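Hi,

Here is the structure I promised to pass on. Have a look at it first, and then read my notes below.

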Amino acid sequence: MSDTSLIPELTTARLVLRPLRLDDADAIQRLFAQWEVVRFLANKVPWPYPADGARWYVEQVALPAMLRGQQWHWSIRTQSEPDRLIGMVSLMDDDPGNNRGFWLDPACHGRGYMTEACAAATGYWFAVLGKPLLRAPKAVANTASSRISARSGMRLVRVEERDYVSGRLPSEIWEITREEWLARQAAKDSG
Ligand SMILES: CC(C)(COP(=O)(O)OP(=O)(O)OC[C@H]1O[C@@H](n2cnc3c(N)ncnc32)[C@H](O)[C@@H]1OP(=O)(O)O)[C@@H](O)C(=O)NCCC(=O)NCCS
């Protein structure tokens, strides 16, 4: 992939996932720099979050990785308010232990939005990109994130220690294979 405009917008029942753009940085900066959002993210996220953290990340990390065809990032919006960014969902193919990440504006938690966004991104990973395996680590304490993995048919494969913004924590490694994902899709289609 040499042009991020080739990454499609994805739509779900209630959401629009728009490929990340540089002009998303200001909204990301406002929402992302909150303890509730970052505490269970990997400790490569700087904290306290710098004033130019989002612009630097979008410009220097995310967009170049999208251009290299190694990462796919979408901003999340509701269909009812498409101009308001409420979070991000990302796929990564440059770290075999971590293929998917996401965060949401705390004002929008608990409505099933990330379950919906994740299903769309995971479908893109397997059905469009044709990847064989999706793996995601998460802090054991991050119950909402674990529920998303469990409900989407992922398996807990091991527990290990990992470094998060809030320190070294017990961490779960979840995964699902392409075959498992396809079988779930077939069961949904026939049910
Ligand atoms: C993880 C996160 C994206 C979840 O988003 P969300 O839209 O609130 O998630 P959903 O509404 O789809 O809920 C997912 C599940 O978690 C449960 N849940 C939601 N918030 C919860 C909470 N605070 N505590 C426990 N469970 C919770 C929901 O009931 C749901 O479970 P169910 O499917 O069994 O009903 C959000 O909490 C977030 O942005 N956290 C900060 C960033 C982060 O930790 N990202 C993940 C890194 S691995």
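In what order do the elements of the protein chain run from the N terminus on? The order is β-β-α-α-α-β-β-β-α-β-α-β-β-α. Before you read further, please keep in mind that this is a predicted model.

**The overall picture**

The protein chain has six helices and eight strands. Its radius of gyration is 16 Å, close to the 16 Å that the globule rule gives for 191 residues, so the chain is as compact as a globular protein of that length. Along the principal axes, the C-alpha trace spans about 50 × 35 × 35 Å. Of the 191 residues, 31% are buried. If you take the contacts between residues at least 6 apart in sequence, 60% of them join residues at least 24 apart.

There is also an annotation to go with this. An unreviewed UniProt entry places the feature "domain: N-acetyltransferase" at residues 14-155. In the model, that span is 37% helix and 23% strand, and the C-alpha atoms at its ends lie 27 Å apart.

**The sheet**

Five strands form an open sheet, in the order β1-β2-β3-β4-β5, with antiparallel pairing. The edge strands are β1 (10-11) and β5 (100-104), and each of these pairs on one side only.

Moving in from the edges, β3 (residues 71-78) and β4 (residues 87-92) run antiparallel and are joined by six bridges. If you want to find this pairing on screen, look for H73, which stands opposite S90 in β4, and for Q71, which stands opposite M92 in β4.

On to β4 and β5: these two also run antiparallel, with five bridges between them. Here G87 stands opposite L104 in β5, and L91 has R100 in β5 as its bridge partner.

Is the edge strand β5 enclosed or open to the outside? Five of the five residues of β5 are buried, so this strand is largely enclosed by the rest of the structure. In a regular strand the side chains alternate between the two faces of the sheet. In β5, R100, F102 and L104 point one way, while G101 and W103 point the other way. Residues on both sides of β5 are buried.

**Around the ligand**

This is probably the part you will want to open up on screen. Which residues are closest to the ligand? They are H109, M114, T115, A144 and R147, out of 21 residues that surround the ligand. The elements that give two or more residues to this shell are β5, α4 (113-128) and α5 (143-151), so to speak the three places to look. The largest share, six residues, comes from α5. By type, the shell divides into 10 nonpolar, seven polar and four charged residues.

So β5 turns up twice in these notes: as an edge strand of the sheet and as one of the elements that contribute to the ligand shell.

**Two residues to click on**

First, F32, which sits in helix α1 (residues 25-32). F32 has 20 C-beta neighbours inside 10 Å, and for that reason counts as buried. Leaving out residues up to four places away in sequence, F32 touches V37, Y49, A54 and W103. One of these, W103, belongs to the buried residues of β5. For a sense of distance, the C-alpha atoms of F32 and D52 are separated by 12 Å, with the two residues 20 apart along the chain.

Then there is L133, which has its place in strand β6 (residues 133-139). Is L133 buried or partly exposed? With 15 C-beta neighbours inside 10 Å, L133 counts as partly exposed. The residues touched by L133, again without those up to four places away in sequence, are E175, T177 and R178. By contrast, the C-alpha atoms of L133 and G167 are separated by 28 Å, and these two residues are 34 apart along the chain.

That is what I have for now.

Cheers

How values were computed
Residues numbered from 1 in each chain as written. Predicted model: local features only at pLDDT ≥ 70, side-chain atom pairs only at ≥ 80, totals over all residues. Pairing = 2+ DSSP bridges. Helix = DSSP H or I, 4+ residues; strand = E, 2+ residues; numbered from the N terminus. Near = placed C-beta within 6 Å. Nonpolar A, V, L, I, M, F, W, Y, C, P; charged D, E, K, R; others polar. UniProt positions renumbered as here; feature names shortened; annotations may be inferred. Rg over C-alpha atoms; globule rule 2.2 N^0.38 Å. Buried ≥ 20, exposed ≤ 12 C-beta atoms within 10 Å, placed from the backbone. Contact = placed C-beta atoms within 7 Å.
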